[in-house]
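Good morning. Please have the sequence and the model open while I talk, and stop me if a term is unclear.

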Amino acid sequence: GKYPFDGKKLPMEEQIRTAAFTTAGPRWKSVSEEAKELIAGLLQVEPSKRYTLRECLDHKWVQDGLMPDSEDESLDDEEGEEEEDRYFDESDLQTDAEEDVEADVQEGDEGVEEE
């Protein structure tokens, strides 16, 4: 993969700081619209507009990667059970990650003095 910032119109650091990027051009041609939308949601400068962990996990591009579409790919019973097990294992990891992030945020809040 490559960074969405190319450093051509602005210095790379400025592009990153301001989230100045485009998903046009040849290297983005094979990237799905869902993936582009997810990237744009993650690269929001203003935190209130940036995707949350839950929004990322619920995003269509992420969800499509977890389970095959029934129209696109059918699984026999054994494959379906394996895929379902993988999905639930990943869901457990997502829950663990969310709990870790929440704990880190709470720890960070405890160490901050209010003015």
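The accessible surface of the protein comes to about 9400 Å², and carbon and sulfur atoms account for 49% of that area. Accessible areas here come from the Shrake-Rupley method with a 1.4 Å probe, and for residues only the protein chains shown count as cover. Of the 115 residues, 14% count as buried. Buried means under 20% relative accessible area, exposed means over 50%, and partly exposed is in between, with a 1.4 Å probe and protein chains only.

Now, where this comes from. This is a predicted model, in which local features need pLDDT of at least 70 and side-chain atom pairs count only at pLDDT 80 or more, while totals for chains, interfaces and linings use all residues. Residues are numbered from 1 along each chain as its sequence is written, and side-chain values use heavy atoms, with hydrogens and water left out.

The pLDDT is the predictor's confidence in each residue, from 0 to 100. Its average over the protein is 74, and 60% of the residues score at least 70. Confidence is highest in α3, at 94, and lowest in helix α5, residues 77-110, at a mean of 61. Please keep that in mind when you look at α5.

Next, the elements. The protein has five helices and zero strands, so the pattern along the sequence reads α-α-α-α-α. Helices (H or I, at least four residues) and strands (E, at least two) are DSSP runs, numbered from the N terminus. Contact means heavy atoms within 4.5 Å. Among contacts with a separation of 6 or more, 33% are between residues 24 or more positions apart.

Let us start with helix α1, residues 12-18, where Gln 15 sits. Is Gln 15 buried or exposed? Gln 15 counts as buried, because its relative accessibility is 6%. Leaving out residues up to four places away in sequence, Gln 15 touches Phe 5, Asp 6, Gly 7, Lys 8, Leu 10 and Ala 20.

The same helix takes us to charged side chains. Side chains of opposite charge can pair when their charged atoms come close. A salt bridge is a side-chain nitrogen of Lys or Arg within 4 Å of a carboxyl oxygen of Asp or Glu. By this rule there are four salt bridges, and I will go through some of them.

In α1, Arg 17 and Glu 14 meet in a salt bridge, at 2.8 Å from N to O. These two residues are three apart in the helix, about one turn. Arg 17 is exposed at 55% relative accessibility, whereas Glu 14 is partly exposed at 28%.

In α2, Lys 36 forms a salt bridge with Glu 33, and their closest N and O atoms are 3.4 Å apart. About one helical turn separates Lys 36 from Glu 33, because they are three residues apart in helix α2. Lys 36 counts as buried at 13% relative accessibility, while Glu 33 is exposed at 55%.

In α3, Arg 54 pairs with Asp 58 in a salt bridge, with the closest N and O atoms 2.9 Å apart. Here the two residues are four apart, again about one turn of the helix. Arg 54 is partly exposed, with a relative accessible area of 39%, and Asp 58 is partly exposed at 45%.

Back to α2 for a moment. Which residues of α2 are buried? They are Ala 35, Lys 36, Leu 38 and Gly 41. Their cover includes α3 and α4.

Last, two residues from loops. Tyr 51 is in the loop between α2 (33-42) and α3 (53-58). Tyr 51 is partly exposed, as its relative accessible area is 24%. Its C-alpha atom is 9.0 Å from that of Ala 40, eleven residues away along the chain. Setting aside neighbours within four places in sequence, Tyr 51 is in contact with Glu 37, Leu 38, Gly 41, Leu 42, Cys 56 and His 59.

That brings us to His 59, in the loop between α3 and α4 (60-66). His 59 is buried, with a relative accessible area of 6%. With neighbours within four places again set aside, His 59 is in contact with Glu 34, Glu 37, Leu 38 and Tyr 51. A polar atom of the His 59 side chain also lies 3.0 Å from the backbone nitrogen of Trp 61.

That is what I have for today.

Technical notes. Polar contact = N/O pair within 3.5 Å; in protein donor to acceptor, adjacent residues only side chain to side chain.
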